[in-house]
Amino acid sequence: MSQADTQEQTEHPSRPPYRPHVGENRPYLRDVILGVNDGLVSIFLLVAGLVGGQLGSAEVLLGGLVGALAGAVSMALGEYLATKSQEEVWDAELLLEDEHIKHYRDEEAAQLYELLEPFGLDGEDLEEAVRMFSATDQRLKQAMAVLEFGVVESERRSPYRAGWMSGGFFLAGSALPLAPFLFSLEPSVSLLWSVGLTFIGLFTVGWTKTRITYNPGVRSGLENMLIAGAGATLAWWVGRILDISLS
């Protein structure tokens, strides 16, 4: 703890330590968490199913690599298209807002009364807030963007950045369950190592997420592990049953 923090705690002992916000990377945290988690879980389930189907380590590795590449491309493309579509919707709404302000300015300004009331404003305070927010066209547009559409410029997402982060972190997550199959081990032994590495990765993702959300870290990590473990067990049995049925 720095000297300034120590002094702050001494002067205000009842106040908790100051916790900073996430910052400019906040809009992309979902891509990081979703990408890593999906890479870990989906490829772990895939290799568990392939081992259950009695495939050798080389075949499991090949199938896992193909699955990881396909998953990464799918994640990147899907996130890019979804984010691009959402941003295009916001752009269209803001263009329409320009038209409304140009031709129906009084009606748009009147909407501010309803939009600002949930903030606890009334009477002269409400009148003054509406007057200030509608003083210029640009100010009115920004106010409507935030209050009516929830569009905050600092929270908007780049489709390109969202896409490569989703796909890239998917690949990063898929590396852990696949790593043991790079070595000349029995598939069952490699799967045990894969279980360990994947669970460590899942617990780390769950725990790291709580460093941002300030929720219980251990519970989130164990929850991640439990869901993946149940899915892997099901995938192994599916592979085993298919192997028996087709042989």
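How closely do the axes of helix α4 and helix α6 come, and at roughly what angle do they cross? In this predicted model, the axes of α4, which spans residues 105–116, and of α6, which spans residues 137–149, come within 11 Å and cross at roughly 45°. Since angles from 35 up to 65 degrees fall outside the parallel and perpendicular classes, that crossing makes α4 oblique to α6. The handedness of the crossing between α4 and α6 is left-handed. On the side of α4, the contact is made by Arg105, Glu108, Ala109, Gln111, Leu112, Leu115 and Leu116, and on the side of α6 by Asp137, Leu140, Ala143, Met144, Leu147 and Glu148. By residue class, this contact between α4 and α6 comprises eight nonpolar residues, one polar residue and four charged residues.

The wider setting of this pair is a protein with nine helices and zero strands, so that its pattern, read along the sequence, is α-α-α-α-α-α-α-α-α. Of the 247 residues in the protein, 33% are buried. Among the contacts with a separation of 6 or more, 72% are accounted for by residues that stand 24 or more positions apart. The protein exposes about 15300 Å², and carbon and sulfur atoms supply 63% of that area.

Two further helix pairs involve α3, the helix of residues 57–103. Two packed helices are described by the angle between their axes and the distance between the axes, and both quantities are available here. For α2 and α3, the axes come within 10 Å and cross at roughly 150°; with over 145 degrees as the cut-off, α2 and α3 are therefore roughly antiparallel to each other. The crossing in which α2 passes α3 is right-handed. From α2, the residues Arg30, Asp31, Leu34, Gly35, Asp38, Ile43, Leu46, Val47, Leu50 and Val51 take part, and they meet Val60, Gly63, Gly64, Gly67, Ala68, Met75 and Glu79 of α3. Divided by class, the residues of this contact are nine nonpolar, four polar and four charged.

The second partner is α7, which covers residues 159–178. The axes of α3 and α7 come within 7 Å and cross at roughly 160°, an arrangement that makes α3 roughly antiparallel to α7. As α3 passes α7, the crossing is right-handed. The contact of α3 with α7 divides into 14 nonpolar, eight polar and two charged residues.

Individual residues help to show how these helices are connected. Glu79, which lies in helix α3, is a charged residue by class, yet at 10% relative accessibility it counts as buried, because buried means under 20% relative accessible area. Leaving aside its neighbours within four places in sequence, Glu79 is in contact with Arg30, Asp31, Arg157, Ala162, Gly163 and Ser166. Of these partners, Arg30 and Asp31 also appear among the residues of α2 that meet α3.

Ala82 also lies in helix α3, but at 44% relative accessibility Ala82 counts as partly exposed. The C-alpha atoms of Ala82 and Ala162 are separated by 9.5 Å, although the two residues are 80 residues apart along the chain. Ala162 is also one of the residues in contact with Glu79.

Where does Phe169 lie, and with which residues is it in contact? Phe169 belongs to helix α7 and, with a relative accessibility of 29%, counts as partly exposed. Its contacts, once neighbours within four places in sequence are left aside, are with Val32, Gly35, Val36 and Trp164. Phe169 and Leu34 are 135 residues apart along the chain, and their C-alpha atoms are separated by 8.3 Å. Both Leu34 and Gly35 are listed among the α2 residues that meet α3.

The last residue to consider lies outside the helices. Gln54 is placed in the loop between α2, residues 29–52, and α3. Gln54 has a positive phi of about 65°, although it is not a glycine, and with a relative accessible area of 48% it is partly exposed.

Methods. Residues numbered from 1 in each chain as written. Predicted model: local features only at pLDDT ≥ 70, side-chain atom pairs only at ≥ 80, totals over all residues. Heavy atoms only, no water. Axes fitted to C-alpha atoms, helices over the stretch in contact; angles between N-to-C directions. Helix = DSSP H or I, 4+ residues; strand = E, 2+ residues; numbered from the N terminus. Parallel < 35°, antiparallel > 145°, perpendicular 65-115°, else oblique. Left-handed = near helix turned anticlockwise from the far one by under 90°. Contact = heavy atoms within 4.5 Å. Buried < 20%, exposed > 50% of the residue type's maximum accessible area, 1.4 Å probe, protein only. Areas by Shrake-Rupley, 256 points an atom, 1.4 Å probe, with all protein chains shown as cover.
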